[in-house]
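Here is a short tour for anyone who likes to read a fold from the inside out. Please take a look at the structure first, and then follow along.

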Amino acid sequence: MTSDTRSTPTDTLRGAFRTEAREVSGVWWWYLILGILWTWFGMYVLSYRVGSLAAVAAFVGAAFLLGGITQLAVAGRVREWRWLYIIGGILGIAAGVLTFVWPSITLYVVSILVAWYLIVFGIMHLVSALAGPKVSYWWTGLLLGAAELVLGVWAVRSWQRSLVTLVTLVGVWAIFFGVSEIFAAFRLREAGKQAERLAS
């Protein structure tokens with residue numbers, strides 16, 4: 001009497017599901033680290049006393065670089081729209097490098113670029129939160145999108161006031177984004193644990 005050791009489609013599916021669950025739960029700490037870095041960066045920017053356009057350019061350049069790196073990190077883990085994240089990451093890094101190379105860029109140009117960046121990404125995050133699946137903490141994407149949209153519109157209207165406007169904008173956005181990434185980290189960890197429970 002021989003036993004049939006061939007795997008059934010159900011076993012194959014369960015194995016694939018278990019592998020996917022391990023991958024998801026294995027990257028949650030990356031989002032946590034990015035969230036903490038963004039939040040720390042935002043608090044540092046808000047506590048900094050601005051004295052020159054070069055200092056503002058340095059903050060904006062660092063934000064662009066960190067944003068580009070974040071987008072490339074996300075591109076390594078998503079299956080859909082990966083090319084969009086890669087393009088966003090490359091553009092963010094390029095914008096950061098250009099900001100450091102030409103720190104004499106005017107406040108107007110930097111403010112408008114940052115403002116429209118926030119408006120576009122605010123709309124994307126709002127649509128993603130409202131149209132996507134309502135998993136736990138889905139509302140953090142909604143809050144992030146609303147905050148980005150409000151900050152972007154505010155920046156478009158008040159760029160000429162002072163350097164403080166741009167610094168405040170970058171700092172507040174970095175904190176909102178960092179907190180959102182921290183929530184995403186715990187959401188991923190929870191999703192990974194639930195997926196492993198379902199697979200076993």
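## A word on burial

A residue is called buried when its relative accessible area is under 20%, exposed when it is over 50%, and partly exposed in between. Please keep in mind that this is a predicted model.

With that cut-off, A75 makes a handy first example: its relative accessible area is 5%, so A75 counts as buried. For the chain as a whole, 36% of the 200 residues count as buried.

## The overall fold

Which secondary structure elements does the chain have? There are seven helices and zero strands, and the pattern along the sequence reads α-α-α-α-α-α-α.

Contacts that span long stretches of sequence feature strongly here. Taking the contacts in the chain with a separation of 6 or more, 78% are between residues 24 or more positions apart.

## Helix α2

Helix α2 covers residues 28-47, which makes 20 residues. From its first C-alpha to its last it reaches 29 Å, close to the 28 Å expected at 1.5 Å a residue.

The buried residues of α2 are W28, Y31, L32, L34, G35, W38, T39, F41, G42 and V45. Two of these names, L34 and W38, come back below as contacts of T70.

## Helix α4 and its two sides

Helix α4 runs over residues 82-101 and also has its length spelled out: 20 residues, with 29 Å from first C-alpha to last, close to the expected 28 Å at 1.5 Å a residue. Which residues of α4 are buried? They are G89, G92, G96 and T99. Looking down the axis of α4, these buried residues fall within an arc of 100°, so they line one face of the helix. The face turned away from that buried side carries the exposed residues I90 and L91.

G89 is worth a closer look. This residue of α4 has a relative accessible area of 0% and is therefore buried. Leaving aside residues up to four places away in sequence, G89 touches G68, Q71 and L72. Its C-alpha lies 8.5 Å from that of A73, a residue 16 positions away in sequence.

## From α3 to α4, and over to α5

A75, met above as a buried residue, is found in helix α3. Not counting residues up to four places away in sequence, A75 touches R82, Y85 and I86. For one of these partners, Y85, the C-alpha atoms are separated by 5.2 Å, although the two residues are ten apart along the chain.

Helix α5 holds I123. Is I123 buried, partly exposed or exposed? Its relative accessible area is 43%, so I123 is partly exposed. Between the C-alpha atoms of I123 and G145, which are 22 residues apart along the chain, the separation is 6.2 Å.

## The cavity

How many cavities of 30 Å³ or more does the structure hold? The count is one, and about 60 Å³ of space lies in the largest cavity. Its lining is made up of G67, T70, Q71, Y117, F121, H125, E148, W173 and F177. By residue type, that lining divides into four nonpolar, four polar and one charged.

Three helices each supply at least two residues of the lining: α3 (53-75), α5 (107-131) and α7 (163-199). Q71, one of the lining residues, is also among the contacts of G89.

## T70, a lining residue with many ties

T70 sits in helix α3 and belongs to the lining of the largest cavity. With 2% relative accessibility, T70 counts as buried, a label that applies under 20%.

What does T70 touch, apart from residues up to four places away in sequence? The contacts are L34, W38, F177 and E181. L34 and W38 are both buried residues of α2, while F177 is itself part of the cavity lining. T70 thereby links the two topics of this report, burial and the cavity.

Notes:
Residues are numbered from 1 along each chain as its sequence is written. This is a predicted model: local features need pLDDT of at least 70, side-chain atom pairs count only at pLDDT 80 or more; totals for chains, interfaces and linings use all residues. Side-chain values use heavy atoms; hydrogens and water are left out. On a 1 Å grid over the protein atoms alone, a cavity is a set of points where a 1.4 Å probe fits but cannot get out, and a pocket is an open set with protein on both sides within 12 Å along at least five of seven lines; lining residues have an atom within 4 Å of a point. Grid points are joined across faces, edges and corners, and a volume is the space filled by probe spheres set on the points. Helices (H or I, at least four residues) and strands (E, at least two) are DSSP runs, numbered from the N terminus. Ala, Val, Leu, Ile, Met, Phe, Trp, Tyr, Cys and Pro count as nonpolar, Asp, Glu, Lys and Arg as charged, and the others, Gly among them, as polar. The expected span of a helix is 1.5 Å times one less than its number of residues. Buried means under 20% relative accessible area, exposed over 50%, partly exposed in between (1.4 Å probe, protein chains only). The arc is that of the directions from the helix axis to the C-beta atoms. Contact means heavy atoms within 4.5 Å.
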